[in-house]
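User: Please take a close look at one part of this model, its salt bridges. Start with a single glutamate and work outwards.

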Amino acid sequence: MPHAPGVCGRPPRRVKRHRAPYDRGVADLRVVTLAAGDLEARFAAGANMAGCSLRHRDEELLGLRDGVEGYLARGKTFGIPLLHPWANRLGAWSYEVAGRAVDLEGAALVRGEEHGLPIHGALPAGADWRVVDTTREALWAELDWAADPARMAIFPFAHRLELRAVVDGGALTIETTVVATGADPVPMAFGFHPYLAPPGAPRERWEVELPEMAHLALDRRGLPTGAREPWPAQRLALGDRTFDDAFAIEGGAAPRFAVSDGARRIEVAFEQGFPYAQVFAPPGQALICFEPMAAPTDALRTHDGLRCVAPGERASAAFAIRVAAA
């Protein structure tokens, strides 16, 4: 059984920048296809194990945006990308956590967003995922973070990532495990960014279901201010409404988010290990994201809500995307 992660501590040690030696071009994608019943999922091991397709009865459910080419070349997220070692953005190009001080300026594996802040962790190019085992319905893959000096330079905590994905006909379940393989605790601030684009109706006719949560106030750069307020469960027509909102999950029940296009209902259930969420529905794009996050935005800097995996231990988080006729 995974052990519960603890809090992070210890004074910082400085970490130098390191440029990646590899090109960001399109690599050998090594796509693995899983299928059961009406559902088919594809993962690209050569693109940081991104979920690059999720089809229900042969209709694509994901927002593919600029596809795997844009993801590898520019870090432009699509599909179901893993955001590690941090999800969303950091408030500066440096952070101090768990005994390390890290400078991200000039790092080839980090990109900035519209406010000039580093976003979505390490870029995907060069992530050397190893497919350990695969069947028609299941995938098991691993990434040895410490084997890549460029990755260690931006997140200097030796660990192994394990990703397991299972399709059971009505759901895709993704479980991610952090195994602390070195002498230091490993902060857990990763997340996923599933872009849902139900094809059965235009965006303005989608119906969205949001669970009861706590809404986290954000400043103009999208960083938490520390304020929060209750957010009641809601069911609403998306219409021309937009979202880029942060939430904390409170209470013991696993939260369930959903979007329906009239033909099918797509639910994202945070099964375990994801106590924070971002809901993202940008203007002018026919997509919506219910993003599971292991820590709130900017946690590597603020340490708010941040947990660590102790040396030699492991901790997991899982979410499921369930698809059913509406």
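Is E267 buried or exposed?

Analyst: E267 is buried, at 8% relative accessibility. Buried means under 20% relative accessible area, exposed means over 50%, and partly exposed lies in between (1.4 Å probe, protein chains only). The model is predicted, so local features need pLDDT of at least 70 and side-chain atom pairs count only at pLDDT 80 or more, while totals for chains, interfaces and linings use all residues. Residues are numbered from 1 along each chain as its sequence is written, and side-chain values use heavy atoms, with hydrogens and water left out.

E267 has a salt-bridge partner, R265. Their closest N and O atoms are 3.1 Å apart. A salt bridge here is a side-chain nitrogen of Lys or Arg within 4 Å of a carboxyl oxygen of Asp or Glu. R265 is partly exposed, with a relative accessible area of 28%. So this bridge joins a buried acid to a partly exposed base.

The pair does not stand alone. E267 and R265 belong to one network, built from salt bridges that share partners. The acids in that network are E207, E209, E267 and E271. The bases are R235, R256, R265 and R322.

In total, the structure holds 26 salt bridges. One of them is between the side chains of E59 and R264, at 2.8 Å from N to O. E59 sits in strand β5 (residues 59–60) and R264 in strand β24 (residues 264–272), so this bridge ties together parts 205 residues apart in sequence. Strands are DSSP runs of E, at least two residues long, numbered from the N terminus. Here the base is the buried partner: R264 has a relative accessible area of 5%. E59 is partly exposed, at 37%.

Another bridge brings the side chains of E142 and R160 together, at 3.8 Å from N to O. This pair also links distant parts of the chain, 18 residues apart. E142 lies in strand β12 (residues 138–144), and R160 in strand β13 (residues 159–167). E142 counts as buried, at 13% relative accessibility. R160 counts as partly exposed, at 24%.

Back to the starting point. E267 is a buried glutamate, bridged to R265, and part of a network that also takes in R322.

Conventions: Helix = DSSP H or I, 4+ residues; strand = E, 2+ residues; numbered from the N terminus.
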